[in-house]
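The following exercises are intended for a reader who meets this structure for the first time. Each task is followed by a solution in steps.

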Amino acid sequence: MDPLLVLKENVKQCDLCAAALPLGPKPIIQMGAESKILIAGQAPGKKAHEKGMPFDDASGDRLRTWLGVSKVTFYDEAKFAILPMGFCYPGKGKTGDLPPQSECAVKWRAGLLHALSGIQLTIVVGQYAMAYHLPEERQGVTQAVTHWKLYWPKVIPLPHPSPRNNIWLKRHPWFEAEILPSLKARVRDILSAG
């Protein structure tokens with residue numbers, strides 16, 4: 001059997017942090033051996049948990065707009081891998097969802113990333129993914145996004161596309177004016193290359 005399929009099946013059966021999950025374990029990832037673009041996110045939200053699909057909500061609609069892709073393209077694992085820092089819905093906190101469970105990254109992340117040998121662009125979404133993928137960016141999301149050209153064209157840090165970040169987007173109009181056109185063009189080039 002294909003080693004990646006075995007790994008994905010093992011992830012789907014994982015219940016390592018079941019006791020800490022209010023809705024129980026339901027690992028949600030998307031990836032294929034031929035995936036070209038990796039979205040390194042935080043953790044599935046409650047809607048993702050209910051539907052069993054990552055980013056099938058308002059955050060996903062905004063993220064797809066930022067990338068310039070349709071839902072069909074976004075959910076094609078030959079094109080996009082979606083690998084959050086925590087694979088299951090962590091529950092609700094005072095100001096939004098709780099942080100992702102750290103057990104996922106410790107147990108699974110290195111093996112899954114190793115299996116994604118064809119990734120040409122890693123999109124790092126939100127503070128928890130940035131802490132792992134861009135550990136040198138210790139000043140927060142805004143600073144990391146401001147430094148996007150340091151990582152370009154292999155990696156790009158993005159704020160979380162949640163509607164909760166509307167104020168951030170209004171305060172930082174350069175994000176949509178400067179970064180999104182470059183991001184859309186890069187995504188288009190990668191996907192059109194085959």
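Helices, of at least four residues, and strands, of at least two, are DSSP runs numbered from the N terminus. The model is predicted, and every value below is computed from it.

**Exercise 1. Backbone geometry**

Task: Determine which peptide bond to Pro153 is cis, and place Pro153 among the helices and strands.

Solution.
Step 1. The bond in question runs from Trp152 to Pro153, and its omega is near 10°.
Step 2. Pro153 belongs to the loop that joins helix H7 (141-146) to strand E4 (155-158).
Step 3. For context, most peptide bonds are trans.

Task: State the sign of phi at Phe55 and decide whether Phe55 is buried or exposed.

Solution.
Step 1. Phe55 has a phi near 55°, which is a positive value in a residue other than glycine.
Step 2. Most residues other than glycine have a negative phi.
Step 3. Phe55 sits in the loop between helix H2 (46-51) and helix H3 (58-67).
Step 4. The relative accessible area of Phe55 is 13%. The cut-off for buried is under 20%, so Phe55 is buried.

**Exercise 2. Salt bridges**

Task: Describe the network of salt bridges that links Lys51, Asp56 and Lys71.

Solution.
Step 1. Side chains of opposite charge can pair when their charged atoms come close.
Step 2. Asp56 pairs with Lys51, where the closest N and O atoms are 3.5 Å apart.
Step 3. Lys71 also forms a salt bridge with Asp56, and here the closest N and O atoms are 2.8 Å apart. This pair links distant parts of the chain: Lys71 is in helix H4 (residues 71-74) and Asp56 in the loop between H2 and H3, 15 residues apart.
Step 4. Asp56 counts as buried at 13% relative accessibility. Lys51 is partly exposed at 48%, and Lys71 is partly exposed at 42%.
Step 5. Through these two contacts, Lys51, Asp56 and Lys71 are linked in a network.

Task: Give the N to O distance for the salt bridge of Asp97 and Lys92, and classify the exposure of each residue.

Solution.
Step 1. The side chains of Asp97 and Lys92 meet at 3.3 Å, N to O.
Step 2. Asp97 has 38% relative accessibility and counts as partly exposed.
Step 3. Lys92 has a relative accessible area of 54%. Exposed means over 50%, so Lys92 is exposed.
Step 4. In the whole model, the count comes to 7 salt bridges.

**Exercise 3. The largest pocket**

Task: Characterise the largest pocket by its volume, its lining and the elements that contribute to it.

Solution.
Step 1. The space in the largest pocket is about 990 Å³.
Step 2. Its lining comprises 35 residues, and those nearest its centre are Gln42, Asp97, His160, Ser162 and Arg164.
Step 3. H2, H3 and helix H6 (127-133) are the elements that give two or more residues to this lining. H2 gives the most, with 3 residues.
Step 4. Sorted by class, the lining of the largest pocket holds 18 nonpolar, 11 polar and 6 charged residues.

Task: State how far apart the C-alpha atoms of Asp61 and Ser162 are.

Solution.
Step 1. Asp61 lies in helix H3 and is partly exposed, with a relative accessible area of 42%.
Step 2. Asp61 and Ser162 are 101 residues apart along the chain, and their C-alpha atoms are separated by 9.4 Å.

**Exercise 4. The cavity and a surface patch**

Task: Find how many cavities of 30 Å³ or more the structure has, and describe the lining of the largest cavity.

Solution.
Step 1. The search of the whole structure finds 1 such cavity, and the largest cavity holds about 30 Å³ of space.
Step 2. The residues lining it are Cys14, Cys17, Leu21, Pro25, Pro27, Phe87, Cys88 and Cys104.
Step 3. By class, this lining has 8 nonpolar residues, with no polar and no charged ones.

Task: Identify which residues form a nonpolar patch on the surface, and examine Val6.

Solution.
Step 1. The patch is formed by Met1, Leu5 and Val6, which together have about 330 Å² of accessible area.
Step 2. Val6 is found in helix H1 (residues 3-12).
Step 3. At a relative accessible area of 34%, Val6 is partly exposed.

Technical notes. Residues are numbered from 1 along each chain as its sequence is written. This is a predicted model: local features need pLDDT of at least 70, side-chain atom pairs count only at pLDDT 80 or more; totals for chains, interfaces and linings use all residues. Side-chain values use heavy atoms; hydrogens and water are left out. On a 1 Å grid over the protein atoms alone, a cavity is a set of points where a 1.4 Å probe fits but cannot get out, and a pocket is an open set with protein on both sides within 12 Å along at least five of seven lines; lining residues have an atom within 4 Å of a point. Grid points are joined across faces, edges and corners, and a volume is the space filled by probe spheres set on the points. Ala, Val, Leu, Ile, Met, Phe, Trp, Tyr, Cys and Pro count as nonpolar, Asp, Glu, Lys and Arg as charged, and the others, Gly among them, as polar. Patches are made of residues with over 30% relative accessible area and no salt bridge: like charges are joined within 9 Å, nonpolar side chains (Val, Leu, Ile, Met, Phe, Trp, Tyr) within 5 Å. Accessible areas come from the Shrake-Rupley method with a 1.4 Å probe; for residues, only the protein chains shown count as cover. A salt bridge is a side-chain nitrogen of Lys or Arg within 4 Å of a carboxyl oxygen of Asp or Glu. Buried means under 20% relative accessible area, exposed over 50%, partly exposed in between (1.4 Å probe, protein chains only).
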